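Open the model in your viewer with the sequence panel alongside. The stops below are given in the order in which to select them.

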Amino acid sequence: MPHTHSESTPDGVLPSSSSPSPSSTPAQSTGITKKINFCQWCGGSTKHEIPDGEEKARAICTRCGKIAYENPKMVVGCLIEHENKILLCKRNIQPSYGLWTLPAGYMEIGESAAEGAIRETWEEANAEVEVQSPFAQLDIPLIGQTYIIFLAKLKRPTFSPGPESSECQLFAPGDIPFDSLAFSSMLVTLNLYFEDIKVGRPKFHYGIINKRPGTSPSEINAYTFDHHIKC
């Protein structure tokens with residue numbers, strides 16, 4: 001089943017268990033989180049407190065004592081260059097319906113980041129690709145997401161829209177629809193790529209996309225790009 005990605009509040013939790021704490025501190029605000037009201041193990045109601053030895057509020061089951069931890073989601077995708085053009089997909093789903101993106105989505109349990117990027121490219125663009133190298137890791141702390149983008153090549157020059165795409169197209173650098181991109185992460189990735197091309201070759205980039213609180217996914221310019229490292 002295809003998995004989409006979005007720069008919105010995280011919609012999932014990857015929990016782990018812990019022994020019940022003998023005491024805890026009342027919950028305090030710790031930023032944007034998804035409130036967990038029921039335990040996924042036993043169905044008991046939860047309380048939101050700071051367990052002993054920790055600094056953040058957690059959802060603690062009042063019945064079995066297990067703690068549900070919220071962990072960031074990993075988004076993986078491909079920047080595909082073919083005959084000096086870049087493959088983009090127009091989103092056929094919300095958020096950012098009708099806007100353009102690189103093929104990317106949530107990494108699944110049991111696959112590597114590269115395998116996930118290849119799978120997402122097949123699901124969104126019916127394109128078989130060969131990963132060439134990692135290109136960028138972009139952290140978005142506000143929404144609990146990390147993007148891993150790979151440079152890739154088409155194994156054969158065929159592609160078509162998958163269920164989550166209404167259109168797939170190769171764009172020359174001067175034709176990239178920068179005003180109609182789906183997410184800030186896509187804007188940052190493409191800008192980094194074309195900056196590299198101007199100076200000769202792609203590098204590997206790390207950086208933090210600090211989204212402005214309260215902005216929607218389609219407000220792609222509402223961010224700062226901080227702690228940029230390239231090598």
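A residue counts as buried when its relative accessible area is under 20%. By that cut-off, 43% of the 231 residues of this protein are buried. The model is predicted.

**Whole chain.** Show the cartoon first: there are two helices and 13 strands. Switch to the surface next; about 11600 Å² is exposed, and carbon and sulfur atoms supply 50% of that. If you draw a contact map, 65% of the contacts between residues at least 6 apart in sequence join residues at least 24 apart.

**Strand 6.** Select residues 85–91, which form strand 6. Five of its seven residues are buried, so the strand is largely enclosed by the rest of the structure. Which strands pair with strand 6? Take them one at a time.

- Strand 5 pairs with strand 6 in the antiparallel sense, over two bridges. Histidine 82 has lysine 85 as its bridge partner. The hairpin has two residues between the strands, and glutamate 83 takes a positive phi near 50° there.
- Strand 11 (residues 165–171) runs antiparallel to strand 6 and is joined to it by six bridges. Pick isoleucine 86 and its bridge partner in strand 11, phenylalanine 171.
- Strand 7 (residues 100–101) is also antiparallel to strand 6, with two bridges. Here cysteine 89 is bridged to threonine 101.

**Isoleucine 86.** Stay on this residue and show its surroundings. Beyond its neighbours within four places in sequence, isoleucine 86 is in contact with residues including Leu79, Leu102, Phe171, Leu190 and Phe194.

**The cores.** Now select Leu79, Ile86, Leu88, Leu102 and Leu190: these have the most contacts inside the largest nonpolar core, a set of 31 residues. Among the elements that give two or more residues to this core are strand 5 (73–82), strand 9 (129–140) and helix 2 (184–199). Helix 2 gives the most, with seven residues. Then select Val76, Ile80, Cys89 and Ala127, which belong to a second, separate core of 14 residues.

**Leucine 151.** For the last stop, go to strand 10 (residues 145–154) and pick leucine 151. Is leucine 151 buried or exposed? Its relative accessible area is 11%, so leucine 151 is buried. Outside its neighbours within four places in sequence, the residues in contact with leucine 151 include Leu79, Val131, Phe135, Tyr193 and Pro202. Finally, draw a distance between the C-alpha atoms of leucine 151 and glutamate 81: they are 70 residues apart along the chain, and the separation is 7.7 Å.

Note on methods. Residues are numbered from 1 along each chain as its sequence is written. This is a predicted model: local features need pLDDT of at least 70, side-chain atom pairs count only at pLDDT 80 or more; totals for chains, interfaces and linings use all residues. Side-chain values use heavy atoms; hydrogens and water are left out. Helices (H or I, at least four residues) and strands (E, at least two) are DSSP runs, numbered from the N terminus. Buried means under 20% relative accessible area, exposed over 50%, partly exposed in between (1.4 Å probe, protein chains only). Contact means heavy atoms within 4.5 Å. A nonpolar core is a set of buried Ala, Val, Leu, Ile, Met, Phe, Trp, Tyr and Cys residues joined through side-chain atoms within 4.5 Å. Accessible areas come from the Shrake-Rupley method with a 1.4 Å probe; for residues, only the protein chains shown count as cover. Two strands pair if DSSP finds at least two bridges between them.
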